[in-house]
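Here's a quick briefing to read with the model open beside you. It goes through ring contacts first, then a charge-over-ring theme, a small sheet and a helix crossing.

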Amino acid sequence: MARKAGIPAYSLHKRSGQAIVQVKLTPDAPKRTGLYLGPHGSDESRDNYARVIADLLAGRPVTPPDRVGAPQVVSTRFLTQVDGLVARFMQHAQGYYRKGDRVTSEVAGFRCATQYLLANHAELRADDFGVGDLKAIRQSMIDAGLTRGVVNQYVGRIVRIFRWGASEELLSPATWSALRTLAGLQAGRTTAPQPDPVLPVDDLIIDATLRALPEVVAAMVKLQRATGMRPNEVCSIRPCDVDRSGNVWQYVPHEHKTQHHGKRRVVLIGPRGQDILRPFLLRPAEQYCFQPKRHVPVPIERKRYRIDSYRQAIERACDEVFPPAGKLARHDGESMRGWVRRLQAAGLGPQLAVWQKQHRWSPNRLRHSFATKARSQYGLEAAQVLLGHSRADITEVYAERDVARGVAAIEQIG
C-alpha cells in the first residue's frame with residue numbers, strides 16, 4: 001500500500017533490527033520521538049505501526065507500543081482487523097443487497113466508502129476504531145472534494161459496517177455505539193461543497209431532446225413524463241405487470257426502490273400514457289417492453305434497458321441537440337467517441353465536462369417535473385399518491401413549489 005504524504009514512515013533501525021517510526025507524541029510536541037515497534041517486518045511491528053498512525057490521524061496523543069518482548073494486554077475476544085471486517089461485510093453484502101437476480105447499487109456505494117476506510121486503517125484492530133478515526137476519514141473525503149451529501153452517505157455506510165460487525169460479534173457493541181455519536185455534516189457549517197438541487201427539466205428542453213432519441217428511448221421518456229415513474233420502473237415494465245381492466249391502468253413493478261421494506265408500489269397510467277405504452281405491450285407477457293438493440297446476444301428475458309444505459313442515451317441526445325461551440329465544437333463527420341477523445345487529448349476534458357453538466361439532463365428529473373405539475377394542479381396529497389411516497393415530506397423534495405401561485409396571491413393581497 002502506498003504511504004500518503006505527511007504520514008511518518010515505517011523504517012528499519014539497523015543497529016537493533018527493530019522497526020521504528022518517528023512521530024510527535026502530542027500535536028503540540030516540540031519534536032518527534034522515535035518509537036520502536038518490534039522486529040522489523042513482523043506482524044507485531046505492523047500492528048503497532050497501524051495503531052500509532054491511527055492515533056496520529058485521529059488527532060489524539062500517540063500511545064507508545066509496549067516494550068519489545070514485554071507481554072501485551074490485549075483482549076482475546078475481538079481481534080478482527082478493519083480490513084478483515086470489511087472483507088467479511090462485503091461478502092455478506094453480495095448476498096444481502098439484491099433485487100431479483102442482481103446486486104443493487106448499494107454494494108458499489110459500500111465499495112467506494114471502504115476505500116477511504118482502508119486507506120490508513122486497514123491494519124487497525126476493528127474494536128480500537130474510534131470516533132476520532134471516523135472524523136479523520138470524513139476529513140479525507142472532504143479533502144477529496146466529495147459533496148456534503150456524499151460524505152454523509154459514505155460515513156453512514158462505514159457506521160453500518162461496524163453495526164454489522166457488532167451483530168456478528170466481531171467487535172464490541174460499544175464501538176459501534178460510539179461511532180453513532182458523530183453527527184452528519186450540516187449545510188453551511190462545513191467546507192464540503194453543497195450539491196446542486198435536482199430541479200425539474202423544462203418542457204422545451206425535453207421536446208428538443210426527443211427529436212434526437214431512438215424511438216424506444218423516446219417512448220420511455222414520454223411514458224415517464226406522463227406517469228412520474230422512477231427510471232428503473234420504466235426500464236422494468238413488462239406486459240404481465242400492467243392491469244388493463246379499468247379506464248386507468250395499474251402497473252405493479254415486480255421490483256422497485258422500497259420493495260425490501262415490504263411496500264407495494266402501484267403506478268397509475270392514464271389515457272396519454274396508455275397510448276404511449278400500448279404498442280410495446282405486444283410482447284410475450286414476461287418480456288421487458290423496452291428492449292435495446294444489442295450486438296451481443298443475451299437471453300430474451302434479460303434484454304432490457306438499465307438505468308445507466310437509459311441515462312446515457314439521453315445524454316448522447318443532449319450532446320447532439322445542444323452542441324458546444326468554439327474550441328469545444330465537434331468536427332463534421334467526427335464520431336461522438338472520437339470527439340471526446342480529441343478534447344481529452346488536448347486537455348479540454350474539464351471544460352467539456354462543465355459544458356455537459358450544464359446542458360444535459362437525467363431521467364430522474366422527469367419525475368421532479370411530473371411531481372411539480374401534479375402538486376401545482378391537484379395538491380400535495382395527490383402528488384404523494386401518484387409518486388408512491390409514504391410521507392408527504394418526501395414528495396415536497398420532488399415537487400417544487402408553484403411560485404406563480406404565490407405571485408398571483410401577493411398581487412391581490414399586497
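A charge counts as sitting over a ring if NZ of Lys or CZ of Arg is within 6 Å of the ring centre and within 35 degrees of the ring normal. Keep in mind that this is a predicted model. With that rule in hand, start at Tyr10: the charged end of Arg46 sits over its ring, 3.9 Å from the centre.

**Around Tyr10**

- Tyr10 also has a ring partner, Tyr49, and the two meet edge-to-face, with 5.5 Å centre to centre and 75 degrees between the planes.
- That pair ties together distant parts of the chain: Tyr10 belongs to the segment before strand 1 (11-13), while Tyr49 is in helix 1 (residues 43-58), 39 residues apart.
- Tyr10 counts as buried because its relative accessible area is 15%, and buried means under 20%.
- Tyr49 is buried too, at 13% relative accessibility.

**Other aromatic pairs**

- Overall, the model has eight aromatic pairs.
- Tyr97 and Phe110 make a tilted one, because their ring centres are 5.5 Å apart and their planes sit at 40 degrees.
- Here again distant parts of the chain are linked: Tyr97 comes from the loop between helix 2 (82-96) and strand 4 (98-99), and Phe110 from helix 3 (residues 105-121), 13 residues apart.
- Tyr97 and Phe110 are both buried.
- If you zoom out a little, ring pairs join Tyr97 and Phe110 with Phe89, Tyr96 and Trp164 in a cluster.

**Another charge over a ring**

- Have a look at Arg304 as well, which lies over the face of Tyr288 at 5.1 Å from the ring centre.

**An antiparallel sheet**

- Three strands make up an open sheet, ordered 6-7-8, with antiparallel pairing.
- Strand 6 (242-243) and strand 8 (267-269) are the edges, each pairing on one side only.
- Strand 6 is joined to strand 7 (residues 249-251) by two bridges, and these two strands run antiparallel.
- Asp243 stands opposite Gln250 in strand 7.

**A helix crossing**

- The axes of helix 8 (residues 215-227) and helix 14 (residues 364-378) come within 7 Å of each other and cross at roughly 35 degrees.
- As for handedness, the crossing of helix 8 and helix 14 is right-handed.
- Which residues of helix 8 and helix 14 meet? Helix 8 brings Val221, Gln224, Arg225, Ala226 and Thr227, and helix 14 brings Asn364, Leu366, Arg367 and Phe370.

Methods: Residues numbered from 1 in each chain as written. Predicted model: local features only at pLDDT ≥ 70, side-chain atom pairs only at ≥ 80, totals over all residues. Heavy atoms only, no water. Pairing = 2+ DSSP bridges. Helix = DSSP H or I, 4+ residues; strand = E, 2+ residues; numbered from the N terminus. Phe/Tyr/Trp six-rings, centres within 6.5 Å; stacked < 30°, edge-to-face > 60°. Buried < 20%, exposed > 50% of the residue type's maximum accessible area, 1.4 Å probe, protein only. Axes fitted to C-alpha atoms, helices over the stretch in contact; angles between N-to-C directions. Left-handed = near helix turned anticlockwise from the far one by under 90°. Contact = heavy atoms within 4.5 Å.
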